[in-house]
Amino acid sequence: MASRFPVSFCRCCGTAVEHRIPDDGDTRARAVCPACGTIHYENPLNVVGTVPYLGDRVLLCKRNIEPRKGLWTLPAGFMELAETTGAGAARETDEEAGADITLGPLFSLVNVPHVGQVHIFYLAQLNSDRFNPGHETMEARLFTEDEIPWDEIAFRTVKVTLQRYWQDRKAGHFGVHNIDLELPASAPAAVKA
């Protein structure tokens with residue numbers, strides 16, 4: 001993560017916060033307001049998306065935004081407040097690919113602790129092979145396993161999810177995959193999920 005303490009000022013009263021262990025028995029340093037006592041907790045962000053499939057093909061989106069503009073990804077994005085993970089995954093699939101889907105079961109949960117994120121992907125059956133990508137996507141296209149541009153996949157979370165998808169497809173049944181992605185020792189600190 002770029003910063004362990006992105007909170008600089010209290011969201012309640014605007015006073016500059018202190019970064020310390022609170023006096024409430026907590027064991028981690030937090031952003032604490034010395035004026036009103038508010039403790040600001042920093043929690044992981046949830047990224048939700050789908051593995052949309054039609055027959056022996058999956059839908060990938062070519063990114064039209066940074067990070068990793070021009071690379072391929074599954075339709076996914078940050079979960080919004082007041083939505084479920086499934087609703088967020090369906091929304092992101094519609095926004096990024098303009099795809100008509102039937103949302104299926106949870107497929108992968110990928111923990112990415114070094115960037116403070118959890119990526120959650122659902123299986124999603126495509127009801128059509130017509131797409132209407134939004135502004136975040138240059139192109140939405142179906143790929144067989146052999147056609148996937150593996151060297152042009154935008155995020156490790158997507159690559160590992162796609163690898164598990166094809167493994168399960170070959171095995172004839174889909175499981176739920178809980179995956180922990182650690183930062184490779186050789187990677188620079190700026191490497192993202």
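Here are some notes on this predicted model, going from the whole chain down to single residues.

1. Let's begin with the overall layout. The protein chain holds two helices and 11 strands, and reading along the sequence gives the pattern β-β-β-β-β-β-β-α-β-β-β-α-β. Along its principal axes, the C-alpha trace spans about 60 × 35 × 30 Å. Of the 193 residues, 40% are buried. Among contacts with a separation of 6 or more, 63% come from residues 24 or more positions apart.

2. A good place to look early on is the open sheet of three strands, ordered β1-β2-β3 with antiparallel pairing. Its edges are β1 (18–20) and β3 (39–40), and each has a single partner strand, so one side of each is left without a neighbour in the sheet. Between β1 and strand β2 (residues 30–32) there are three bridges, and the two run antiparallel. To find this pairing on screen, look for E18, whose bridge partner in β2 is V32.

3. Next comes strand β4 (residues 45–54), which is worth some time. Its pairing with strand β9 (residues 117–126) is parallel and takes in nine bridges; V51 sits opposite L123 there. With strand β7 (residues 76–78), β4 runs antiparallel over three bridges, and G49 has A76 as its bridge partner. As a reminder, strands of a sheet pair through backbone hydrogen bonds, either parallel or antiparallel.

4. What joins β4 to β5, and in which sense do they run? Two bridges do the joining, and the strands run antiparallel. Y53 stands opposite V58 in β5. The hairpin these two strands form has two residues between them, and G55 takes a positive phi there, near 60°.

5. Strand β5 (residues 57–63) turns up again at a cavity. Searching the whole structure gives two cavities of 30 Å³ or more, and the second largest holds about 40 Å³ of space. Its lining is made up of C61, K62, R63, I65, T73, E96, E136 and T137. β5 gives the most to that lining, with three residues. By type, the lining residues are two nonpolar, two polar and four charged. For anyone wondering how such spaces are found, rolling a probe the size of a water molecule over the atoms shows where empty space is left.

6. Now a single residue, L142, which is in strand β10 (residues 137–143). Is L142 buried or exposed? L142 has a relative accessible area of 11%, so it counts as buried, the cut-off being under 20%. Apart from neighbours within four places in sequence, L142 is in contact with L54, R57, V58, L59, L126, D129, F131 and E147. Take L54 from that list: L142 and L54 are 88 residues apart in sequence, yet their C-alphas are 8.1 Å apart in space.

7. L109, in strand β8, makes a useful second stop. L109 has 26% relative accessibility, so it counts as partly exposed. Leaving out neighbours within four places in sequence, L109 is in contact with V118, H119, I120, H177, N178 and I179. There is a long sequence gap to V176 as well: L109 and V176 are 67 residues apart in sequence and 7.8 Å apart in space, C-alpha to C-alpha.

8. That leads on to strand β11 (residues 177–180), where the side chains alternate. H177 and I179 point to one face and are buried, while N178 and D180 point to the other and are not. β11 pairs with strand β8 (residues 101–112) in the parallel sense, over four bridges. Within this pair, N111 stands opposite D180.

9. Last, a look at helix α2 (residues 156–171). How many residues does α2 have, and what is its reach? There are 16 residues, and from first C-alpha to last α2 reaches 23 Å, close to the 22 Å expected at 1.5 Å a residue. Its buried residues are T157, V158, V160, T161, L162, Y165, W166 and D168. When reading that list, bear in mind that an α-helix has 3.6 residues a turn, so residues three or four places apart point the same way. After α2 comes G172, with a positive phi near 90°.

Key
Residues are numbered from 1 along each chain as its sequence is written. This is a predicted model: local features need pLDDT of at least 70, side-chain atom pairs count only at pLDDT 80 or more; totals for chains, interfaces and linings use all residues. Side-chain values use heavy atoms; hydrogens and water are left out. Buried means under 20% relative accessible area, exposed over 50%, partly exposed in between (1.4 Å probe, protein chains only). Contact means heavy atoms within 4.5 Å. On a 1 Å grid over the protein atoms alone, a cavity is a set of points where a 1.4 Å probe fits but cannot get out, and a pocket is an open set with protein on both sides within 12 Å along at least five of seven lines; lining residues have an atom within 4 Å of a point. Grid points are joined across faces, edges and corners, and a volume is the space filled by probe spheres set on the points. Ala, Val, Leu, Ile, Met, Phe, Trp, Tyr, Cys and Pro count as nonpolar, Asp, Glu, Lys and Arg as charged, and the others, Gly among them, as polar. Two strands pair if DSSP finds at least two bridges between them. The expected span of a helix is 1.5 Å times one less than its number of residues.
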